[in-house]
Amino acid sequence: MTDQLVSGPPRRCGYVAMIGAPNAGKSTLVNALVGAKVSIVSHKVQTTRAIMRGIVMDGAAQIILVDTPGIFAPKRRLDQAMVRTAWNGAREAEIIALLIDAERGIDDANADLLDRLSKLPGDKILVLNKIDRVAHEKLLGLASDANNKLAFAATFMVSALKNKGLGVLTYYLATHMPEGPWLFPEDQISDLPMRMLAAEITREKLFERLHEELPYASTVETDSWVARKDGSVRIEQSIFVERESQRKIVLGKGGSTVKAISMSSRQELMGILDQTVHLFVHVKVREGWADDPERYREMGLEFPRS
């Protein structure tokens, strides 16, 4: 009895794949559950590209949330890689969490997801997000309709943005992880290297600033990261676009747009790193970057050959 008290409950650890249509709120939910920003958020669809794992500690359980790209009908090579990554993440997880935007309900995209998920093995849970925007009666009807199409092990109603319902969801995930050793240090919140997270934050600011002007023809890489003697850090990054006309859009008149992107990214990075950041962002043309296998490897995506 004494040994049990000393050793405590057995450790648990497992993967949860966050699956959903674009803009369902997967990245917002992952950030809220982790309690820190580990995945970029944007009103643009298909923002998440790189496979990213957010790590949640709850008692003796380590929950590894896999934030996958939103699942949609792929057209380009990059789209194909993102969708393939999302489904691979679902197949390898202990639990698949289907996130549905409660405002959208079961539209064609979500109906297709429900059908495809029914063919996959493993435990599945339903997470209705943005419940603060929908009447209670509609939520109950939506939960009933979804469970009629696919028998979920559990259903949760949350607002990732308003931090509602997250405690119940976390407890469920923690108690349903298999017994086993933790795969990451207790204080680690993501498997994403800081250099890549910094690039992702700048890409988020790029999306926010340019809206529809530069949809998906851009990527960001961190070229150098130098810790300085005064405790600050100097970061150099490159925004890559495919054409000179796109470079001019990112630069803006007199460099005003890229300066605003850099300033916004620097401020957020200073908050995350808790140190002074000197950020220098350059805009370069790299034709056909979306067809370069090396770019896919850096994002943790499998390069589609066709």
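Which residue in strand 8 is the bridge partner of serine 218? The partner is valine 241. Keep in mind as you look around that this is a predicted model. The protein has ten helices and nine strands, and this briefing spends most of its time on one sheet and the helices that meet it.

**The sheet**
- Strands 7, 8 and 9 form an open sheet, in the order 7-8-9, with mixed pairing.
- At the edges you will find strand 7 (218-227) and strand 9 (277-285), each of which pairs on one side only.
- On average, neighbouring strands of this sheet are turned by 20° against each other, ignoring direction.

**The pairing of strands 7 and 8**
- Strand 8 covers residues 233-241 and pairs with strand 7 in the antiparallel sense.
- Nine bridges make up this pairing, and serine 218 with valine 241 is one of the bridge pairs to look for.

**The helices on the sheet**
- Helix 7, spanning residues 194-210, lies across strand 7, strand 8 and strand 9, and it runs at about 135° to strand 7.
- Helix 9 (residues 256-273) packs on the sheet too, touching strand 7, strand 8 and strand 9.
- The direction of helix 9 makes about 140° with that of strand 9.

**The protein as a whole**
- Of its 306 residues, 50% count as buried.
- The protein exposes about 14,600 Å², and carbon and sulfur atoms supply 51% of that area.
- If you take the contacts between residues at least 6 apart in sequence, 71% of them join residues at least 24 apart.

Note on methods: Residues numbered from 1 in each chain as written. Predicted model: local features only at pLDDT ≥ 70, side-chain atom pairs only at ≥ 80, totals over all residues. Heavy atoms only, no water. Pairing = 2+ DSSP bridges. Helix = DSSP H or I, 4+ residues; strand = E, 2+ residues; numbered from the N terminus. Axes fitted to C-alpha atoms, helices over the stretch in contact; angles between N-to-C directions. Contact = heavy atoms within 4.5 Å. Buried < 20%, exposed > 50% of the residue type's maximum accessible area, 1.4 Å probe, protein only. Areas by Shrake-Rupley, 256 points an atom, 1.4 Å probe, with all protein chains shown as cover.
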